[in-house]
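User: I'd like to go through this one with you at the bench, a question at a time. Can you show me the sequence and the model?

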Amino acid sequence: MIITVQIFLLMMVLAGVGIILFTRNIVHAAYALCLTLLGIAGVYVLVMSELLAVVQIMLYAGGVVILLAFGVMMTNRLRGEKVLSGSNNKWIGRIISVGVFAGLCYLISISPFQTTSVEKNEDQIAQIGVSFLTDHIVAFELIAFVLLVALVGAAYLAKNAADE
Amino acid sequence: MSEQMLTYYLYLAAFLFASGTYIVLTRRSAIFVLIGVELMLNGANVVLASFSQFDPAMNGQIFAIFAVVLTVCEVSIALAILLNIYRKSRVSNLDELNQIGNT
Amino acid sequence: MISFAFYLAFLLIFVVFAVYAERKTAAFIQNRLGPMEVGPKGILQTVADLLKMLQKEDIRASAVDIIPYLLAPFIVFAAVFTGFAVLPVNADLSGSTITSGVFFLLAIVSLDVLGILMAGWASNNKYSLYGAMRSVAQIISYEVPLGLSVLCVIIISGTLDLHQMSVLQSGGILSWYIISHPVLIIPFFIFFISGLAESNRTPFDLPESESELIGGYHTEYSGFRWGIFMLSEYGMMLLLSILASILFFGGWNSPMEKIANGPIWSTFWLLSKSLLLIFVQMWVRWTLPRLRVDQLMSLSWKYLTPISIVMLFVCALWKLWLIG
């Protein structure tokens with residue numbers, strides 16, 4: 001049962017990444033990114049990170065992808081320009097990325113991981129909420145501040161763009 | 001969850017990271033580069049989440065949630081800047097962005 | 001799984017009757033008869049329309065971006081319908097028991113924006129794209145007050161699971177949240193208004209305002225694919241009404257304690273509460289005029305969002321006062 005789910009999620013992720021790698025159309029790439037992100041959300045559920053999976057769906061698939069697609073449309077489509085884009089330095093990119101992949105795979109294969117079994121926590125979300133406000137309170141407050149700064153900054157930048 | 005299964009997730013993360021690197025290095029369009037950055041960040045998050053299941057305090061998952069929130073900030077600011085650049089100089093390819101100052 | 005199958009069947013039957021009810025409500029409000037020809041009192045009119053729609057030619061303009069164009073209606077429907085997975089039907093039939101219940105629902109339903117944007121962009125048509133842009137801006141803006149008003153209920157109930165939330169409200173009309181916790185009255189209205197905007201209903205139907213944009217994001221769609229867009233709009237209405245009746249009106253609990261409590265009765269209570277809310281949505285649709293774009297945005301960002309943030313604070317204080 002779980003192996004079917006795993007294969008399905010793997011296919012989602014690979015199909016999404018494959019489309020991003022080979023398409024020249026930015027909007028198609030944004031949609032394929034959404035497919036990949038949903039597949040990764042499924043992976044999060046399989047590794048018992050349910051809250052992270054829902055956050056991924058809400059913020060990444062529902063937020064970032066919409067922003068990207070919106071960005072493409074604001075800049076290109078309304079003025080009737082093409083949404084295709086090319087690439088540079090293909091061979092350097094291939095060599096470096098294959099090198100990165102091979103290096104990471106080598107490191108993973110030689111690392112001696114020892115897994116311990118942890119009993120499954122029933123109320124994971126409550127525990128995460130408590131640790132947000134106790135152990136991770138500084139990071140939590142800082143994130144709130146950064147979000148405020150990002151909100152104000154994005155609004156200011158967009159206002160400047162509208163005035164031009 | 002066996003060690004074997006864990007390494008499969010890590011290979012997936014490595015694949016995501018490497019393809020993100022390729023896209024960041026080669027693509028001309030700024031939005032494509034952002035997509036590549038998202039893929040790399042997701043690769044990192046997969047690693048964090050898959051180790052987090054062995055941690056009773058779930059620090060990996062919490063860290064990954066913070067990373068997701070920060071990414072949303074990053075993308076929104078980046079797109080606002082791109083929109084500004086585009087309105088000013090009609091350029092959306094990164095190669096052509098080679099001037100600084102009020103041109 | 002059973003609740004999912006139940007809702008799929010119910011949604012399909014519901015849409016047929018909801019379209020009829022919508023036309024009859026409109027006719028009643030505008031003091032005319034409405035459909036009267038097909039069947040007694042015109043009750044089979046929607047079936048006839050459905051048959052006509054299914055036979056229509058599937059028109060594709062030559063300049064559309066073909067794969068997103070074909071996929072878009074199904075993405076919208078899948079996103080809306082996945083939300084039904086976590087809804088309970090009655091006391092014995094809870095939905096999917098994931099711990100992040102209502103949060104998951106809000107997250108997955110927000111993906112329908114993606115399908116709408118896809119439809120508008122792939123149609124390669126100025127009006128479709130403007131309709132999709134308006135729709136996305138509207139849905140994303142109204143998600144903020146919607147989420148905050150749901151958060152008010154979550155503070156009071158202390159759980160994200162919709163089934164658990166219904167169990168907590170058992171025991172007659174007095175223990176429904178909107179009655180036992182009067183601070184939730186304002187969040188309910190915020191939820192209802194944002195729900196209207198989320199499902200693109202009048203007075204927030206700017207994305208498809210036919211007098212300005214022809215048909216909005218589904219201008220280029222015909223026949224069955226157009227039908228799927230309509231199906232998901234009605235599905236969204238039903239989903240948000242069921243959610244409202246679970247969050248504020250006791251879910252599947254009967255209004256009288258100890259009377260009419262069996263599984264069939266509790267399903268009846270849940271569905272009749274939601275259908276009543278849907279009637280209110282139709283009533284609003286035929287009573288209020290459509291808003292302008294700037295009024296729409298200022299309603300969300302200048303009124304609903306600040307009020308719901310204040311209500312969140314008030315609900316937290318109320319909870320503190322309740323527990324000690």
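Analyst: Here come some questions about chains, helices and single residues, each with a short answer.

User: Before we start, what kind of model is this, and how are things numbered?

Analyst: It's a predicted model, where local features need pLDDT of at least 70, side-chain atom pairs count only at pLDDT 80 or more, and totals for chains, interfaces and linings use all residues. Residues are numbered from 1 along each chain as its sequence is written, while chains are lettered from A and ligands numbered from 1 in the order in which they are written.

User: Which pair of chains has the most contacts?

Analyst: Call two residues in contact if their C-beta atoms, placed from the backbone, lie within 7 Å. No contact joins chain B and chain C, and their closest C-alpha atoms are 14 Å apart. Two pairs of chains do touch, and the most contacts are between chains A and B.

User: Which element gives the most to the side of chain B that touches chain A?

Analyst: Here 65 residues of chain B meet 66 residues of chain A. Helices α1 (3-26), α2 (30-52) and α3 (59-89) of chain B each supply at least two residues to that side; helices (H or I, at least four residues) and strands (E, at least two) are DSSP runs, numbered from the N terminus. With 23 residues, the one that gives the most is α3(B).

User: How many residues on that side of chain B, the one touching chain A, are nonpolar?

Analyst: For the classes, Ala, Val, Leu, Ile, Met, Phe, Trp, Tyr, Cys and Pro count as nonpolar, Asp, Glu, Lys and Arg as charged, and the others, Gly among them, as polar. The side of chain B that touches chain A has 16 polar and seven charged residues, and its nonpolar count is 42.

User: And where chain A meets chain C, which element of chain A gives the most?

Analyst: There, 19 residues of chain A are in contact with 19 residues of chain C. Two or more residues each come from α2 (26-46), α3 (50-75) and α5 (124-133) of chain A. Giving 12 residues, the top contributor on the side of chain A that touches chain C is α3(A).

User: Why is chain B said to be more spread out than a compact globule?

Analyst: Chain B has three helices and zero strands, and its C-alpha atoms fill a box of roughly 60 × 25 × 15 Å along the principal axes. The globule rule (2.2 Å times the number of residues to the power 0.38) goes with a radius of gyration taken over C-alpha atoms. For 103 residues the rule gives 13 Å, and chain B is well over that, so it counts as more spread out, with a radius of gyration of 17 Å.

User: Which residue of chain B is among those with the most contacts inside the largest nonpolar core?

Analyst: A nonpolar core is a set of buried Ala, Val, Leu, Ile, Met, Phe, Trp, Tyr and Cys residues joined through C-beta atoms within 7 Å. The largest one has 162 residues, and its largest share, 18 residues, comes from α3(A). Not counting residues up to four places away in sequence, B:Ile35 touches residues including A:Ala30, A:Leu68 and B:Ile23. So the name you're after, going by that core's list of those with the most contacts, is B:Ile35.

User: Is A:Val43 buried or exposed?

Analyst: A residue is buried if 20 or more other C-beta atoms lie within 10 Å of its own, exposed if 12 or fewer, and partly exposed in between, with C-beta atoms placed from the backbone. A:Val43 lies in helix α2 of chain A; leaving aside neighbours within four places in sequence, its contacts are A:Leu9, B:Tyr9 and B:Val46. With 25 other C-beta atoms within 10 Å, A:Val43 is buried.

User: What about C:Asn31, buried or exposed?

Analyst: C:Asn31 is found in the loop between α1 (2-29) and α2 (45-55) of chain C. Its phi is positive, about 60°, although it is not a glycine. With 6 other C-beta atoms within 10 Å, C:Asn31 is exposed.

User: B:Met58 has a positive phi too; is that residue buried or exposed?

Analyst: B:Met58 sits in the loop between α2 and α3 of chain B, with phi near 55°. It has 24 C-beta neighbours inside 10 Å, so B:Met58 counts as buried.

User: How many of the 25 residues of α11(C) are buried?

Analyst: Helix α11 of chain C covers residues 223-247, and its end C-alpha atoms are 36 Å apart, which agrees with the expected 36 Å. That expected span is 1.5 Å times one less than the number of residues. The helix is largely enclosed by the rest of the structure, because its buried residues number 20.
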